[in-house]
Amino acid sequence: MRLASVLSIGALVLMAACSSNSSSSSGSPSPSISCTDMRSESTVTIDMQNIAFHPKCVIASGTQTVNLVNKDSVIHNWTVTGTDINVNVQAGQTQTVTLNITAGSTHAFFCRFHQAQGMVGQILVK
Ligand SMILES: [Cu+2]
C-alpha cells in the first residue's frame, strides 16, 4: 500500500515535469530555460540583480501578486509584453504588481533600461 502511493506521487511529479517542458515549445529553437513554478506561492518574487531577472522564467497564475525586488544600485523596469504592465523599480526598492492576465498565455518581459544587456525573461500564465 505504502509503496503504491509513493509510486503514484513519483508519477505525478514526472507528469508535471513533462507538461511544463512541452508547454514552452515554440516554433523557433529556443534555449532550454528552466521555469520556476510559483503558482503555489502566496506571492511571486522576481529579483532584479546584476542586470538580470531571477528567475528568468516564471510560471504564475493570472491573478497572482508579483513582488519585484531591485537588489541593484540602479533603476530597473518590468515591462510585460501583451499586458499594460510597465513598472519602474528604484534602486534597492520593491514594487508590487497584481497580475490580470488570461491563463494559457506566455509573455516575454524585459527591463526597458537594460533590455540590450540581456535583462529579459518570460512568464508562463497557467
Ligand atoms: Cu534594468
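Over which residues does pLDDT stay under 50? Select residues 9-29 to find out: pLDDT, the predictor's confidence in each residue from 0 to 100, stays under 50 there. For this stretch the model has six contacts beyond four places in sequence, a contact being two residues whose C-beta atoms, placed from the backbone, lie within 7 Å. Where pLDDT is low, the predicted coordinates should not be read in detail. Now colour the whole protein by confidence: the average pLDDT is 84, and 75% of the residues score at least 70.

Two notes before we move on. Residues are numbered from 1 along each chain as its sequence is written. This is a predicted model, in which local features need pLDDT of at least 70 and side-chain atom pairs count only at pLDDT 80 or more, while totals for chains, interfaces and linings use all residues.

**Stop 1: the four-stranded sheet**

Switch to a cartoon view. Strands here are DSSP runs of E with at least two residues, numbered from the N terminus, and two of them pair if DSSP finds at least two bridges between them. Look for the open sheet of four strands in the order β3-β2-β5-β8, with mixed pairing. Its edge strands, each pairing on one side only, are β3 (53-54) and β8 (94-98).

Start from the β3 edge. Strand β2 (residues 43-48) runs antiparallel to β3, and two bridges join them; select M48 and you will find its bridge partner, F53, in β3. On to the next pair: β2 and β5 run parallel, joined by six bridges, and I46 stands opposite L68 in β5. Keep L68 selected, since this residue also stands opposite Q95 in β8. β5 and β8 pair in the antiparallel sense over five bridges.

Before leaving, show the side chains of β5. V66, L68 and N70 make up its covered face, whereas T65, N67 and V69 lie on the uncovered one.

**Stop 2: the six-stranded sheet**

The second open sheet has six strands in the order β1-β4-β10-β9-β6-β7, again with mixed pairing. At its edges are β1 (36-37) and β7, each pairing on one side only.

Select strand β9 (residues 105-110) together with β10: the two run antiparallel and are joined by six bridges. F110 stands opposite V120 in β10. Then move to β6 and strand β7 (residues 86-89), which pair in the antiparallel sense over four bridges. T79 stands opposite N86 in β7. β6 and β7 form a hairpin with five residues between them, and G82 in the turn has a positive phi of about 80 degrees.

**Stop 3: the core**

Which residues have the most contacts inside the largest nonpolar core? They are I46, V58, A60, L68, W78 and I123, in a core of 19 residues. Such a core is a set of buried Ala, Val, Leu, Ile, Met, Phe, Trp, Tyr and Cys residues joined through C-beta atoms within 7 Å. The elements giving two or more residues to this core are β2, β4 (57-60), β5 (65-70), β6 (76-80) and β10 (120-125).

Centre on W78, in strand β6. W78 counts as buried because 24 other C-beta atoms lie within 10 Å, where 20 or more means buried, 12 or fewer exposed, and anything in between partly exposed. Leaving out residues up to four places away in sequence, W78 touches L68, I85, V87, V89, F109 and C111.

Finish at I123, which, with the sequence neighbours up to four places away left out, touches V58, A60, V80, H107 and F109.
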